[in-house]
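Q: Could you take one small part of this model and walk me through it closely, starting from a single residue and working out into whatever surrounds it? Keep it relaxed, but don't skip the details.

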Amino acid sequence: LRYRRINSFFYSDTFYSKKVISLRGFSMMQLFVSDKGFVKVYGMKSESQFPDALRLFCKEVGAPKAIIVDPYSAQKSEKVKQFLNKVGTTLRVLEESTQHADRAELYIGLLKRAIGNDLCISNAPMRLWCYCAERRSTIMTLIANNLYQLQGQNPYMATLNEMGDISNLCQFGWYEWVYFRQQKAQFPQQKSELGRCLGPTKNEGNEMCQWVLQQNGQVVPRRTLRRLKPEEMSPTNVSESNKREAFDAEIKRRLGDSIVTPPPQRMNRI
């Protein structure tokens, strides 16, 4: 009774980014995808956190009919089996060297490609990949595609039988310039501060709250933010252009960009 029952099969697998540790310290993510294309990801610092990601998935999404995983020790541990037995979900373990049977492998490739495109087009630091992955997986879940089993619906509706809310996704693009309200600013400092939008938050603020990257390289949740006006984005507005150039230069110094990352000693001083 604690978990919503889902009439779907979910596949799960881990994808890694050990060369570029995210700003939140994640070196990997656990991906869950249903047979109808519902995608959910959770950042992890080690494979031993898989039971925690699984527990959080069941709490936020629900308990599916079965979860299908590769034969890795972390994904078929006794702790995992006991938890799934309690929630009434079957654990199915694939045979070795049959990764093609795991639907999660396909979606990991699609998600990685989408994240790479977002980072490349926006020139956002690679260390922000975890925020980009969460935003992109939500978009994949809330848009319709040509899967036959969806019958014209999107994966969210087909899996949970309710409408998904895209209000917090359609307002801002990935790494879009925004002005947000900085409550701690004291006179003569300005209340409005320049930043970059990183997508909707989770368990921070209200449903419209967004992650915002500050010039000092830190990410904060804010719901009082707006797009830049056309006159602020105009090339002839030298003052605003200088602000954005200074912002990008400082972020590149602290976090790098879509091509290079700063050395470890510089990361530790953020």
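**Starting from one residue**

A: Let's begin with Leu-225, which sits in strand E10. Keep in mind throughout that this is a predicted model. With a relative accessibility of 15%, Leu-225 counts as buried, because the cut-off for that is under 20%. Setting aside residues up to four places away in sequence, Leu-225 touches Phe-172, Val-178, Tyr-179, Phe-180, Cys-197, Gln-210 and Val-212. Asp-70, on the other hand, is 155 residues away from Leu-225 in sequence and 42 Å away in space, going C-alpha to C-alpha.

Now for the sheet around it. E10 belongs to an open sheet of five strands, ordered E9-E8-E7-E6-E10 and paired antiparallel. At the edges are strand E9 (219-222) and strand E10 (225-227), each of which pairs on one side only. On average, neighbouring strands here are turned by 45° against each other, if you ignore direction. As a general reminder, strands of a sheet pair through backbone hydrogen bonds, in either a parallel or an antiparallel way.

The partner of E10 is strand E6 (residues 176-181): the two run antiparallel and share three bridges. One pairing to look up is Tyr-179, whose bridge partner in E10 is Arg-226. Tyr-179 is also among the residues that Leu-225 touches.

Step across and you get to E7. Six bridges tie E6 to E7, again antiparallel, and Trp-177 has Arg-196 as its bridge partner in E7. E7 and E8 are antiparallel too, joined by four bridges, and there Pro-200 stands opposite Gln-210 of E8. Seven of the nine residues of E7 are buried, so this strand is largely enclosed by the rest of the structure.

What about helices? Helix H8 (residues 238-255) packs on the sheet and touches E6, E7 and E8, with its direction making about 55° with that of E7. H4 lies across strand E7 (192-200), strand E8 (210-213) and E9, and it runs at about 55° to E7.

H4 is a good place to zoom in again. Ser-137 is found in this helix, which spans residues 129-142. Its relative accessible area is 3%, so Ser-137 is buried. A polar atom of the Ser-137 side chain lies 2.9 Å from the backbone oxygen of Glu-134. Beyond neighbours within four places in sequence, Ser-137 is in contact with Val-39, Val-41 and Leu-111.

That last contact leads to helix H3 (residues 103-122), as Leu-111 is one of its buried residues. Others in that buried set include Tyr-107, Ile-108, Ile-115, Asp-118 and Leu-119. The buried residues of H3 cover an arc of only 135° around the axis, which puts them on the same side of the helix. Their cover includes strand E1 (5-16), strand E2 (28-34), strand E3 (39-44) and H4. Turned away from that buried side is a face carrying the exposed residues Leu-106, Arg-113, Cys-120 and Ile-121. In length, the 20 residues of H3 reach 29 Å from first C-alpha to last, close to the 28 Å expected at 1.5 Å a residue. After H3 comes Asn-123, with a positive phi near 60°.

Technical notes
Residues are numbered from 1 along each chain as its sequence is written. This is a predicted model: local features need pLDDT of at least 70, side-chain atom pairs count only at pLDDT 80 or more; totals for chains, interfaces and linings use all residues. Side-chain values use heavy atoms; hydrogens and water are left out. Buried means under 20% relative accessible area, exposed over 50%, partly exposed in between (1.4 Å probe, protein chains only). A polar contact is a pair of N or O atoms within 3.5 Å; within protein, one must be able to donate a hydrogen and the other to accept it, and residues adjacent in sequence count only if both atoms are side-chain atoms. Contact means heavy atoms within 4.5 Å. Two strands pair if DSSP finds at least two bridges between them. Axes are lines fitted to C-alpha atoms, for helices over the stretch in contact, and angles run from 0 to 180 degrees between N-to-C directions. The expected span of a helix is 1.5 Å times one less than its number of residues. The arc is that of the directions from the helix axis to the C-beta atoms.
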